[in-house]
Each structure stands twice: as C-alpha cells, then as structure tokens.
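Q: I have a protein model open in front of me, and I would like to learn how to read its helices and its core. Could you take me through it step by step?

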Amino acid sequence: MTRLPSKPQRWVYAAALIALIGACAATPQTKPATPGNGASGGSGPSTPPASGPTPGDPVGTPDVAFSGATGPFTPSGNRDMDIWREDFADRAKAQGRNPAVVYAILEGISPLELYLSEDVNVASTGIADQAEFAKAIWDYLRTAVTESRLQTGAQKLAEYDEVFDVLEETYGVDRAAISAIWAMETNFGSYIGNYDAANTLSNMAVEGRRRSFAEGQLLALMKIVENGFARREQLGSGWAGAMGQTQFMPSTYLSHAQDYDGDGIADVWSYAPDALASAAHYLAASGYQLGEPWGIEVLAPSGFDWAYADGNDRRMSTWRSLGLSPIRGGAFGVDDGEYAELWLPAGATGPKYLLFRNFDVFKTYNNANSYALAVGLLADGIRGQRGPVAVWPTDIPRLSTQEVMTLQQTLNELGYSAGPVDGIAGSGTRKALQNFQKDRGMVADGYASRPALDAVLAAAS
C-alpha cells in the first residue's frame, strides 16, 4: 500500500484479514462527546450546524493545555520495554511533547505475544506472506468482493446518501469508491480492531525492526491528544496500529483526518461521517479524479501482442488502434488523449484490464494490485455492475512463494533482470519473464505460472 509518510504500508497477517472479512456490518453511531482537558471529560454530543455540514480539518481544543500525571511509569513486566520506554519518553519530551501526554500514551503498555513472545518469529513474516500477495488473485477476490459486502455497500450508499453528496461536492471523490475502501478496511466499520494503538506501536518499537517508524507514529499519537483531536482512550487500532473505520496510521490521521460536522474533532472510530470524510480527503490528496474510471475490462483481437502489457501507460488512441475494446460492448467513454496501462492479473487467458490513475490512487491505501482491483470491483458492484466478465484461469497452476523465488533467481542467472528474489511476482519479475518469453517465441504475458517456471528452468539446465 503505500506512500510514506502519508500512508505507511501495513504488513498484514492473513489471519487478521480473514477476521476482518468475517465481521458483520455495523449500525451507524452517534458522535461521542468532544474531548476536553485531560484523558476524560468533554461536552455533550455535537450536532451539525443549521446551514449543513462543511467538512474540514479538525480544530481540536486550541490553547487548552493537556494536564495530568507525568510519572513514574508502572513496570510493564518486560525489561526491554521498560528501558525503551524511559529512553523514548525522554526523547519525546526533548522534542517538545507535553510530559502529561507522554505519560498518558506510554503508561500501561505491556508486551504482546504478537510482537515479543519467544514463540512468535516476527522477523520471518514479510510482505510475501500478505494475503494480497500469497493468495491466487481469484481466491483473494472471493473473500474480499463478497455478496454481503456488495449488498451492504449499496445499503450504505442509501443510508448515508446526504453525507456522500457532501463528500463528493467537497472532495471530488466518488461515493462508491469511498464505500469500497470502507468495506475493505473494516467491513463498514464493524471491525476496527481491539488493540490500543499506543501499546501496539510500543511493542513494534521494542521488537526493533521498525523502531523508527513506530516511534514516529507514537509521536503523532501524542500530537493528536495534545491538539484535542481525540481522547487518549479513543485511540484503538488494529494489530499494526492503524486506527478507525478507514484505518489511518497516526501520521496519516494528522495529515488527512477530517471533521465532517464542524464540532472540532475528527472521530474516525465511532462516527462514520468523520471517517468517510477523512478517507475522501486522503484519496483526493492522492490524486483521485472524479468521473474517471479506475479500470475497464477489455477484449483483445486474435493474435494480440501481449508484450504490450509491460507496465507502461499508453494513450487510449493507441489501445483503440491495437484493437482493444470494452468487454461489455459500447464505447470506452474515455478521451483518446487519456493514458492507461494494460494489465493481465492472471495472464493472457484471464481477465484483462486497462488501468487508469484512480487505480494507482487505490494503491496508496495498500500497495498491492489485488487490493486495488478488489476496491474497484467493489465500487462497481455496489452500483450493480459485477465483474470480472471473463473467467479466471484456475486450471493453470500458479506458483508458491518459494517457486516465485526460484523463478526470479533463475531469470537473474539467465541475464533477465527480475530484481530482488523476494517471492513477489511484481513488475520487475513480469518484465523479465516477458523478455524471456519474447526471446523464445512464447506468449509474452509475463504470468508467473508453473508452465512459465518449467520453461525457465529448462532453459537454464
């Protein structure tokens, strides 16, 4: 997913994704009290102004200093955690963070088995283990683009119709795209995680691999509380520290969280309009173009040169001249001067797409093509257009992570630069495989399948 620092990529365990998908949709909730001075307290529920809501940046509680205890910390039961906490607290205060906020954020942290148990080899878990990369794309979509989500998404569009009107007018982001992100991230707010963001990020820092990142996010949490954008006890998260109904990291919250109804705060946890406005603001800042497609499923003529699926953008006039056409018939509805990339998510025999800028915008949430495709298919399906039309080639054996690594290593040895041997069949691997296939007169679709691996290994023997 990700453009740092705006939206740091979250490395996601498959189990967490399954739990997310399995959750059922939540009912809308009333916005809670505005945060006041200290860890609790505040005024009554907010109501939108009579003239209608005008979403914008949260104001918080300016000129009201957060006060409270400043120490000492209660021992966590983990020596490494206690040593790190004392050191980090000193550094945070030296950077100007309010000592009472530093204490409120870091008091009560405790070791989590997910990060610090001797039985959990966190270091062995990498991006290749994410469901977006480890699963066959049709298996991933089967659990991401479900009938339940499509029906609930359509219901949410009706339920929040006036909210989406405001968001489209304010941010220029399509309501179905916002709803699809909402579905993918927390199943419409029904599963926002039951971790404490401060504790999760502290564990991440103590574990060590992403210490600098985790500490930066903790500093952002402190600023959120200092500014009065949220109360300390609101800062719930998923297991990797992402918060709220549209799963913002703390730094992303500071940059993009929005106050929908003008009460001064951005409650992305309990108040759906704030969360949806925040997601819309983020997508708009990432370059979303209202009225433009994310992708169009296409047909290709017999004998089409699949080497054109090389990751490069070309004008629509070029794609038309090469014989591509919408699989559903009719016109593309896109100007000849627009640019698009031809993408073959499962090779030349599976569904084929022309991808536009909004597809890349979806990837700022999660930098995986399968994730962005799921968002696009959900957005279309919520409005009644189910896809894809073409059938996935489930009969062609795909490669395991280890087999992809073998493919990459062998391509590199043959002089085709596949890039890092990481088990992820990304653009570098596809391009190297395409070049190999072209040199041997094969269908140059770059699809990392068992037949492709067999051909590469045969050439190396």
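A: Let us begin with a rule for helix length: the expected span of a helix is 1.5 Å times one less than its number of residues. Please keep in mind throughout that this is a predicted model.

Q: What span should helix α11 have, and how far apart are its end C-alpha atoms?

A: Helix α11 covers residues 211-227, and because each residue adds 1.5 Å, its 17 residues should span 24 Å, which agrees with end C-alpha atoms that are 24 Å apart. After α11 comes G228, which has a positive phi near 80°.

Q: Is α11 mostly covered or mostly bare?

A: Helix α11 is mostly covered, since 12 of its 17 residues are buried, among them F213, L218, L221 and V225. The elements that cover these buried residues include α2, α3, α10 and α12.

Q: Which residues touch the most other members of the largest nonpolar core?

A: In soluble globular proteins, nonpolar side chains tend to be buried together. Here the largest nonpolar core holds 101 residues, and I105, L221, Y253 and L373 touch the most other members. Helix α16 (residues 369-382) gives this core its largest share, 9 residues.

Q: At what angle do α7 and α16 pack?

A: Helix α7 (residues 147-159) packs against α16 at about 60°, with the two axes 8 Å apart, and this angle makes α7 oblique to α16. The crossing is right-handed, and residues including L150, G153 and L157 of α7 meet L377, L378, G381 and I382 of α16.

Definitions and conventions
Residues numbered from 1 in each chain as written. Predicted model: local features only at pLDDT ≥ 70, side-chain atom pairs only at ≥ 80, totals over all residues. Heavy atoms only, no water. Core = buried A, V, L, I, M, F, W, Y, C linked by side-chain atoms within 4.5 Å. Buried < 20%, exposed > 50% of the residue type's maximum accessible area, 1.4 Å probe, protein only. Helix = DSSP H or I, 4+ residues; strand = E, 2+ residues; numbered from the N terminus. Contact = heavy atoms within 4.5 Å. Axes fitted to C-alpha atoms, helices over the stretch in contact; angles between N-to-C directions. Parallel < 35°, antiparallel > 145°, perpendicular 65-115°, else oblique. Left-handed = near helix turned anticlockwise from the far one by under 90°.
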